[in-house]
Amino acid sequence: MPSIFTSGGKPMIKYVSTTGGIEPVGFDEAVLQGFAADGGLFVPDRIPVIDQEQLQAFSTLSFQDLAFELVSLYIDASIIPRQDLRRLIDNSYREFQRPDIVNLVPIRGNRDTYVLELFHGPTQSFKDMAMGFLMQVVDYLLGQRRERLNIVLATTGDTGPAAAWAAAGKQRIDCWPLYPRGMISREQERQMTTLRADNVHPVGVENCPDGGDDLDLVVAELFSDEKLKRTLALSSVNSINWCRVMTQTVHYFYSYYRAVERVGDPVVFSVPSGAFGNLFAGYLARSMGLPVARFVCANNVNNALHTAFSRGVLPRHDLVQTPSSAIDIVAPYNFWRLLYFATNRDTARIRQWMKDFAARREVVLDVETTKTIQGGFISASISDEETLATVRSVYEAEGHYLIDPHTAVAVAAVEAVRDSLPAAAAIVCFATAHPAKFPDVIKRALDVEELPAAGHHSVIDEARDACEHLRICQLENLRSNLIGEMTRQVARRRG
């Protein structure tokens, strides 16, 4: 689809739907709408490419400076002027506990293998890497329009706390994190329910056999009603929101520069994967010019993505609860974005596959598409026993270095496919959460009754003792209760 040009002559990236049922929109509309009106996901009409000279020049930048350079490729200055964009980026990372934002830790027992700690933000999760910027952008755009939004999101763990903290105190946002009660850790739940913010309204939902996927269906149903969406001013910041995916390209570039000896050397990224948002950001980074030799899609036993990459079949099985609960996903929504580009933007095929997935609980990919996605990805499915054993083995081998269960899935996946990886490439395993968020899993893995010091974090320990503010709802009543609560709130604000 041709780009639309600004008055300055530079091409403005527009955003289209993976299912092809809407006219192109600007960055602001793509962010504020969340889901496209036709039920698809927003993607850019072109992916900007960074040449070798730019790739080299970016290597010396700070995380914030690199973020500015990369995200500005997707945001026209007529929508967010450059000085405002710079301020939004700086504000997004102000509460991170490391000045360099992330930390790359070498695994001494494995040459050229690293763990990338992405959990040094305010909620000790990689979700903070993009959520803070997304909320800054949403609040900024709403201020420009003098509007307000109800942001509704389903979470299986870390997205909810990150969204709640990033939204807290924002003048034009009400945030509604929905989570399957009893299927996330109490530490994750408490990060939402102990937050003191009048504009954040977490809801624990009971009777969710498919966990967060049940909640995703309710959210999708709300968004499919255009009249309701306008009346309640609904949007979402789940991993489907384009701004989040776009911003997550930054930690790929930043860690690449710190893992390789020379710019241009290959790298492998192993990513614990549920909804495929973080991995699609990696695909985007590689499409922009980052020299990624291979992505390892690390699944637990909820392995729809592993089945798709290994067999060319995307199934929808019943959810199994695992120690790596944040990636207990049976409907990886962002995978549609990869398939959109893998099929050369064949929106008709994406529409049909989405219908098949909903009706038949399975999509059989054609041979050409399967070969295309296998060209850049390899996958593994890691059992609960392997996850716990990996936490323990890394702890014992690396001087009591403690990883969380999701990171363990990424590390174990590398070992499962190591013989298929390029020998010369550095390997970066993503650490997506602080282990303190999963104390019961850590104690099981280490076979201890008391957590070691590395299993604690002051922020999480404080939340454990704070008073909670609970909203609890049954799944079958969730839609009607949300509509009622939001309707009353909109009326109060207007009157």
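Which residues line the second largest cavity? In this predicted model, the lining is formed by T156, P180, M183, I184, G211, G212, L319, Q321, T322, S325 and D328. The points below take the cavities, the pocket and three helix contacts in turn.

1. Cavities overall. Searching the whole structure gives three cavities of 30 Å³ or more. The largest cavity has a volume of about 470 Å³, while the second largest cavity has a volume of about 70 Å³.

2. The second largest cavity. Sorted by class, the residues that line this cavity comprise four nonpolar, six polar and one charged. D328 belongs to the lining, as do the glycines G211 and G212.

3. The largest cavity. Its lining consists of 34 residues, and those that lie nearest the centre are K127, T159, S239, A275 and A326. At least two lining residues come from each of helix 8, strand 11 (267-272) and helix 12 (277-288), with helix 8 giving the most, namely four residues. Divided by class, this lining has 16 nonpolar, 14 polar and four charged residues.

4. The largest pocket. The space in the largest pocket comes to about 470 Å³, and its lining is made of 22 residues, with G39, A220, Y333, M354 and A358 lying nearest the centre. Two elements, helix 8 (212-224) and helix 15, give two or more residues to this lining; helix 15 gives the most, with five residues. The class division of the pocket lining is 13 nonpolar, four polar and five charged.

5. Helix 14 against helix 15. Helix 15 (residues 347-360), which also contributes to the pocket lining, has an axis that comes within 9 Å of that of helix 14 (residues 335-342), and the two axes cross at roughly 145°. The crossing of this pair is right-handed. On the helix 14 side the contact uses W336, L339 and Y340, which meet T347, I350, W353, M354 and F357 of helix 15; by class, these are seven nonpolar residues, one polar residue and no charged residues. M354 is therefore worth following in the viewer, since it takes part in this helix contact and is also among the residues nearest the centre of the largest pocket.

6. Helix 17 against helix 18. The axes of helix 17 and helix 18 (residues 405-417) come within 8 Å of each other and cross at roughly 90°, which makes helix 17 roughly perpendicular to helix 18. The residues in contact are T387, T390, V391 and V394 of helix 17 together with P405, A408, V409, V411 and A412 of helix 18. Their classes are seven nonpolar, two polar and no charged.

7. Helix 17 against helix 19. Helix 17 (residues 384-397) also packs with helix 19 (residues 439-446), at an angle of about 70° and with the axes 8 Å apart; because of that angle, helix 17 is roughly perpendicular to helix 19. From helix 17 the contact takes L388, V391, R392 and Y395, and from helix 19 it takes V441, I442, R444, A445 and L446. This contact has seven nonpolar, no polar and two charged residues. V391 of helix 17 appears in the contact with helix 18 and again in the contact with helix 19.

How values were computed: Residues are numbered from 1 along each chain as its sequence is written. This is a predicted model: local features need pLDDT of at least 70, side-chain atom pairs count only at pLDDT 80 or more; totals for chains, interfaces and linings use all residues. Side-chain values use heavy atoms; hydrogens and water are left out. Axes are lines fitted to C-alpha atoms, for helices over the stretch in contact, and angles run from 0 to 180 degrees between N-to-C directions. A crossing is left-handed if the near helix is turned anticlockwise from the far one by less than a right angle, and right-handed if clockwise. Contact means heavy atoms within 4.5 Å. Ala, Val, Leu, Ile, Met, Phe, Trp, Tyr, Cys and Pro count as nonpolar, Asp, Glu, Lys and Arg as charged, and the others, Gly among them, as polar. On a 1 Å grid over the protein atoms alone, a cavity is a set of points where a 1.4 Å probe fits but cannot get out, and a pocket is an open set with protein on both sides within 12 Å along at least five of seven lines; lining residues have an atom within 4 Å of a point. Grid points are joined across faces, edges and corners, and a volume is the space filled by probe spheres set on the points. Angles under 35 degrees count as roughly parallel, over 145 as roughly antiparallel, 65 to 115 as roughly perpendicular and the rest as oblique.
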